[in-house]
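I opened a fresh page for this chain and set out to write down what I looked up, entry by entry. The sequence and the coordinates come before the notes.

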Amino acid sequence: MSYDPTSHLLLTPEDKEAPARVVRLRELGIGDAPVAEFDDFARKLARVTQAPYAMVNFIDEHRQYFAGLYTRGEDQAVELGPAPEHARPGRVMARDHGYCPHVIVRRKALVLEDVCDYPRFAGNPVVDEIGIRSYLGAPLIDRTGMALGTVCVVDQEPRPWGRQGLETIKSMAAELVEQIHRREHGA
């Protein structure tokens, strides 16, 4: 958990479920390596939302891992180095970067049409390091009731996601949870 000493805002929420999540992700065999079908899902998510970046994200106590990642222009998932060289997200990101840790703890979708409109989120390192200006994400709540991770899209421009964006990201999260359950049962 991190604090902004100048405003005393909790920037990254405490995640008491993280140790149990790590155990569940290991049971499922996901969360620490790229998964081709998650890359495909991220590509589909980017296409549906017309966003330049889309991720399937799993979060442990210390980091986030994008097991599914899509970056426009590559038209494929990419393995990138640390920002700001290409100013694009890579597969691994610190837990205190980005907005998915908030989605995991809240267990609710989060819509930030312009992150700069929200002091709590505007100071996040991804704003300066990657140039993220808008975020749309939803939790992946599996059959055990645990929030395993998130699906999200980001853009370097403000985006009017609106109610339709919220409904889209929630339905896409539900679709991916079903896909994860099919993987678990070998279907």
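Where along the chain is the place of Glu-157? I found Glu-157 in the loop between S8 and H6, and I note at the outset that I am reading a predicted model.

**Entry: Glu-157 and its surroundings**

I looked up what Glu-157 touches once its neighbours within four places in sequence are left aside, and the contacts are with Arg-133 and Ser-134. I also took the C-alpha separation of Glu-157 and Ile-132, which is 7.3 Å in space although the two residues are 25 apart in sequence.

**Entry: the chain as a whole**

I then stepped back to the secondary structure, where I counted six helices and eight strands. Reading along the sequence, I wrote the pattern down as β-β-α-α-β-β-β-α-β-α-α-β-β-α. Of the 187 residues in the chain, 52% are buried. For contacts with a separation of 6 or more, I noted that 67% are accounted for by residues 24 or more positions apart.

**Entry: the cavity**

How many cavities of 30 Å³ or more does a search of the whole structure find? The search finds one, and about 110 Å³ of space lies in the largest cavity. The lining of this cavity has 16 residues, and those closest to its centre are Met-55, Met-93, Gly-98, Val-126 and Val-154. I checked which strands contribute, and strand S3 (53-59), strand S4 (63-71) and strand S8 (147-155) each supply at least two residues of the lining. Sorted by class, the lining has twelve nonpolar and four polar residues, with no charged residues.

**Entry: Gln-64**

I turned next to Gln-64, whose place is in strand S4. Is Gln-64 buried or exposed? I recorded Gln-64 as buried, because its relative accessible area is 1%, and the cut-off for buried is under 20%. What, then, does its side chain reach? The side chain of Gln-64 makes a polar contact of 2.7 Å with the side chain of Asn-57, and it also reaches the backbone oxygen of Ala-94 at 2.9 Å. Not counting residues up to four places away in sequence, the residues that Gln-64 touches include Asn-57, Phe-58, Arg-91, Met-93, Ala-94 and Cys-100.

**Entry: Arg-91**

Since Arg-91 is among the residues touched by Gln-64, I looked it up as well. Arg-91 sits in the loop between S4 and strand S5 (92-94), and it counts as buried because its relative accessible area is 4%. A polar atom of the side chain of Arg-91 lies 3.3 Å from the backbone oxygen of Ala-67.

**Entry: the cysteines**

Cys-100, another residue touched by Gln-64, led me to ask about disulfides. The structure holds zero disulfides, and for Cys-100 the nearest cysteine sulfur, that of Cys-152, is 3.7 Å away. Why is there no bond from Cys-152 to Cys-100? The sulfur of Cys-152 is too far from that of Cys-100 for a bond, because the 3.7 Å between them does not meet the cut-off of within 2.5 Å. I added the accessibilities of both residues: Cys-100 counts as buried at 3%, and Cys-152 is buried at 2%.

**Entry: positive phi values**

I searched for positive phi in residues other than glycine, and I kept notes on Gln-50 and Arg-107. Phi of Gln-50 is near 55 degrees, and Gln-50 is found in the loop between helix H2 (36-49) and S3. Gln-50 is exposed, because its relative accessible area of 59% is over 50%. Phi of Arg-107 is near 60 degrees, and Arg-107 lies in the loop between helix H3 (100-106) and strand S6 (110-112). With a relative accessible area of 36%, Arg-107 is partly exposed.

**Entry: Arg-163**

My last look-up was Arg-163, which lies in helix H6 (residues 162-184). I noted Arg-163 as exposed, with a relative accessible area of 60%. The C-alpha atoms of Arg-163 and Val-111 are separated by 9.2 Å, while the residues are 52 apart along the chain.

Technical notes:
Residues are numbered from 1 along each chain as its sequence is written. This is a predicted model: local features need pLDDT of at least 70, side-chain atom pairs count only at pLDDT 80 or more; totals for chains, interfaces and linings use all residues. Side-chain values use heavy atoms; hydrogens and water are left out. On a 1 Å grid over the protein atoms alone, a cavity is a set of points where a 1.4 Å probe fits but cannot get out, and a pocket is an open set with protein on both sides within 12 Å along at least five of seven lines; lining residues have an atom within 4 Å of a point. Grid points are joined across faces, edges and corners, and a volume is the space filled by probe spheres set on the points. Helices (H or I, at least four residues) and strands (E, at least two) are DSSP runs, numbered from the N terminus. Ala, Val, Leu, Ile, Met, Phe, Trp, Tyr, Cys and Pro count as nonpolar, Asp, Glu, Lys and Arg as charged, and the others, Gly among them, as polar. Buried means under 20% relative accessible area, exposed over 50%, partly exposed in between (1.4 Å probe, protein chains only). A polar contact is a pair of N or O atoms within 3.5 Å; within protein, one must be able to donate a hydrogen and the other to accept it, and residues adjacent in sequence count only if both atoms are side-chain atoms. Contact means heavy atoms within 4.5 Å.
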